[in-house]
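The report that follows describes how the helices of one chain are packed, with the conventions given where they are needed. Please look over the sequence and the model before reading on.

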Amino acid sequence: MAKAKTHSLLEKLDHLRTELVELAFTLDSRGRFDAADVAMTTSARVGELCEEIIQRPAPSAGRLRAVR
């Protein structure tokens, strides 16, 4: 994935994580504890996926040809 695309994707995912945490807070304050837990768990998983994207080495040209 191109560096600029990866950065843009990570920014969007980070924004989603923030929205999920805010949703969890709102749900929790309304007594919707199970739904709040789902939102927080989803936010955490999105964070894990972001870390996987960041840590994944960029494919070399040789690897790209082998995959195609």
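## Helix packing

The crossing of H1 and H2 is left-handed, a crossing being left-handed if the near helix is turned anticlockwise from the far one by less than a right angle, and right-handed if clockwise. The model is a predicted one, in which local features need pLDDT of at least 70 and side-chain atom pairs count only at pLDDT 80 or more, while totals for chains, interfaces and linings use all residues. Residues are numbered from 1 along each chain as its sequence is written, and side-chain values use heavy atoms, with hydrogens and water left out.

The chain has three helices and zero strands, and read along the sequence it follows the pattern α-α-α; helices (H or I, at least four residues) and strands (E, at least two) are DSSP runs, numbered from the N terminus.

Two packed helices are described by the angle between their axes and the distance between the axes. The axes of H1 (residues 3-29) and H2 (residues 33-55) come within 8 Å and cross at roughly 165 degrees. That makes H1 roughly antiparallel to H2, since angles under 35 degrees count as roughly parallel, over 145 as roughly antiparallel, 65 to 115 as roughly perpendicular and the rest as oblique. Axes here are lines fitted to C-alpha atoms, for helices over the stretch in contact, and angles run from 0 to 180 degrees between N-to-C directions.

On the H1 side, the residues making the contact (heavy atoms within 4.5 Å) include Leu 9, Leu 13 and Leu 16, while those of H2 include Phe 33, Met 40 and Ile 53. The residues of this contact divide into 18 nonpolar, four polar and two charged, where Ala, Val, Leu, Ile, Met, Phe, Trp, Tyr, Cys and Pro count as nonpolar, Asp, Glu, Lys and Arg as charged, and the others, Gly among them, as polar.

The spans of both helices agree with expectation, which is 1.5 Å times one less than the number of residues.

| Helix | Residues in helix | Expected span | End C-alpha distance |
|---|---|---|---|
| H1 | 27 residues | 39 Å | 39 Å |
| H2 | 23 residues | 33 Å | 33 Å |

After H1 comes Gly 31, whose phi is positive, near 85 degrees.

## Buried residues

Buried residues (under 20% relative accessible area, with exposed over 50% and partly exposed in between, for a 1.4 Å probe and protein chains only) make up 16% of the 68 residues in the chain. In H1 they are Thr 6, Leu 10, Leu 20, Ala 24 and Leu 27, and what covers them includes H2. In H2, Ala 36, Ala 39, Ser 43, Val 46, Gly 47 and Cys 50 are buried, and these pack against H1.

Which residues does Ser 43 contact, leaving aside its neighbours within four places in sequence? They are Arg 17, Leu 20 and Val 21, and Ser 43 itself counts as buried at 5% relative accessibility. Ala 36, which counts as buried at 4% relative accessibility, touches Ala 24, Leu 27 and Asp 28, not counting residues up to four places away in sequence. Ala 36 and Leu 20 are 16 residues apart in sequence and 8.9 Å apart in space, C-alpha to C-alpha.
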